[in-house]
Amino acid sequence: MEDKKYMNRALMIAKKASPAPNPQVGAVLVKNGKIIGEGYHAEYGGAHAEIAAINDAEKRGNLVDGATLYVTLEPCSHHGKTPPCIDSIMFSGIVRVVIGCVDQNKLVAGAGIETLVKAGIKVNVGVLGEQCNALYGPFFHYTKTKKPFVTLKAGMTSDGKIALEKGKQVWITGKESLKKVHELRRDNDVVLVGIGTVLADNPRLTCRVKCNKQPVKVIVDSKLKIPLNSKVLADNNVIIATTAGYNKKKFSELRKRGIKFIVTNGSKVNLKSVLMKLPSFGILSVLVEGGNEINTSLLEKKLVDRICFFVAPKKFGKGLDAFNFKIKLKNVVKKKLGNDTFIDARIK
């Protein structure tokens, strides 16, 4: 029980971190039943969580020798932006290390655990393992594929419509589903939409439940049609994906506001190119809230990893489909959200 208690604290601390494309990691040092230091990987290139916890203990005037370290992810054993964390752990006198989950990055992949064990340090792996693995899902996905983890979200009727005929917008799902949408925004680095959604709905695309930071807003806009007074441009936490045929005057104005751009070749934005470039902005998870065109294109190109559908108990008969592509699902989970049905699944 004590191990779970301190690992849960490490998980809470981890979520304060913003080190993307590196993973969020939290660490807690315990000695004689008391927390003597804690830390997290605050930013890319900065001290890792284990080192931050050791430094914190020393600042508090606490001796680390004989302590137990709780860390959400296996300590690194390779040189990157910083030296291997296992070196500091071994030299500090820590006698036991409790690890949430093994790092699936091939540069680590159990090597850190093996080194600690060989050094005579007691190691326990898998405490709150399910929660830790869930936290690192996008990071593990990125290390294997070099692209962000993509979740496609859609609110629809039971006959698969997201709007009435001619694209007329109407509220489909209930307040419980809306709350879940904001939780999805909280849990992803980015909310991605097409320019059609911006022109039709003028959304803010913000997270309106408690969150550590707002998601970046990515707008797919081939011809740079976005109005300068759009709500989504209320701040500069925005990336616009466009093409070389963009409106140069508007481009210049948006750059002055601090808006970032991804420019792809061709007459339409290359969505795969956009996704492959997002990690360079520190983005490892993407929530797509697109319309029919964006959804269909991503599904056709096999760029979607997970779907989250909010299905209301109503039918339009005629209207705009969520997408025009047949998909096969696995690991399907369904639950009620008010009157709606929430479907969470992976793409086969």
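A salt bridge is taken here as a side-chain nitrogen of Lys or Arg within 4 Å of a carboxyl oxygen of Asp or Glu. In this predicted model, the count by that rule comes to 14 salt bridges. A good place to start is the pair formed by the side chains of Asp305 and Lys147, with an N to O distance of 3.0 Å. Asp305 sits in the loop between helix 11 and strand 13 (306-312), while Lys147 belongs to the loop between helix 6 (137-145) and strand 6 (149-157), so this contact ties together parts that are 158 residues apart in sequence. Both Asp305 and Lys147 are buried.

A second bridge of this kind joins Lys161 and Asp321, at 2.7 Å from N to O. Here the partners come from two strands, Lys161 from strand 7 (residues 161-163) and Asp321 from strand 14 (residues 320-321), and the pair therefore links parts that are 160 residues apart in sequence. Lys161 counts as buried because its relative accessibility is 11%, whereas Asp321, with a relative accessible area of 26%, is partly exposed.

Within helix 7 (residues 175-186), the side chains of Glu183 and Lys179 also meet in a salt bridge, again described by its N to O distance, 2.7 Å. Because the two residues are four apart in that helix, about one helical turn separates Glu183 from Lys179. Glu183 is buried, at 17% relative accessible area, and Lys179 is partly exposed, at 47%. Elsewhere, Lys153, Arg185 and Glu289 are joined into one network by salt bridges that share partners.

Not every buried charge has such a partner. Asp103, in the loop between strand 4 (96-101) and helix 4 (111-118), is buried but has no salt bridge. Its nearest side chain of opposite charge is that of Lys144, 9.6 Å away, and a bridge requires a distance within 4 Å. Beyond its neighbours within four places in sequence, Asp103 is in contact with Leu73, Glu74, Val108, Ala109, Gly110, Phe139 and Phe140.

The last two of these contacts lead to the aromatic residues, for which the count comes to six pairs. The rings of Tyr136 and Phe140 have centres 6.0 Å apart and planes at 50 degrees, so they form a tilted pair. Phe139 and Phe140 are likewise paired in a tilted arrangement, with 6.0 Å between the centres and 50 degrees between the planes. Tyr136, Phe139 and Phe140 make up one aromatic cluster; Tyr136 and Phe140 are both buried, and Phe139 is buried too. A charge over a ring is found at Tyr142, where Lys146 lies over the face at 5.1 Å from the ring centre.

Tyr136 also has a place in the largest nonpolar core, which holds 41 residues. Together with Met7, Leu29, Leu69, Ile94 and Val97, Tyr136 touches the most other members. Helix 1 (residues 2-14) gives the most to this core, with six residues. A second, separate core has 33 residues, including Ile283, Val286, Ile294 and Val311. Apart from neighbours within four places in sequence, the contacts of Tyr136 are Pro23, Gln24, Val25, Thr72, Leu73 and Cys101.

Ile294 brings the account to helix 11 (residues 292-300), which is largely enclosed by the rest of the structure because seven of its nine residues are buried. The buried residues are Asn292, Ile294, Asn295, Thr296, Ser297, Leu298 and Leu299. Just after this helix, Lys302 adopts a positive phi of about 55 degrees.

Conventions:
Residues numbered from 1 in each chain as written. Predicted model: local features only at pLDDT ≥ 70, side-chain atom pairs only at ≥ 80, totals over all residues. Heavy atoms only, no water. Buried < 20%, exposed > 50% of the residue type's maximum accessible area, 1.4 Å probe, protein only. Lys, Arg positive; Asp, Glu negative; His and termini not counted. Contact = heavy atoms within 4.5 Å. Core = buried A, V, L, I, M, F, W, Y, C linked by side-chain atoms within 4.5 Å. Phe/Tyr/Trp six-rings, centres within 6.5 Å; stacked < 30°, edge-to-face > 60°. Lys NZ or Arg CZ within 6 Å of the ring centre and 35° of its normal.
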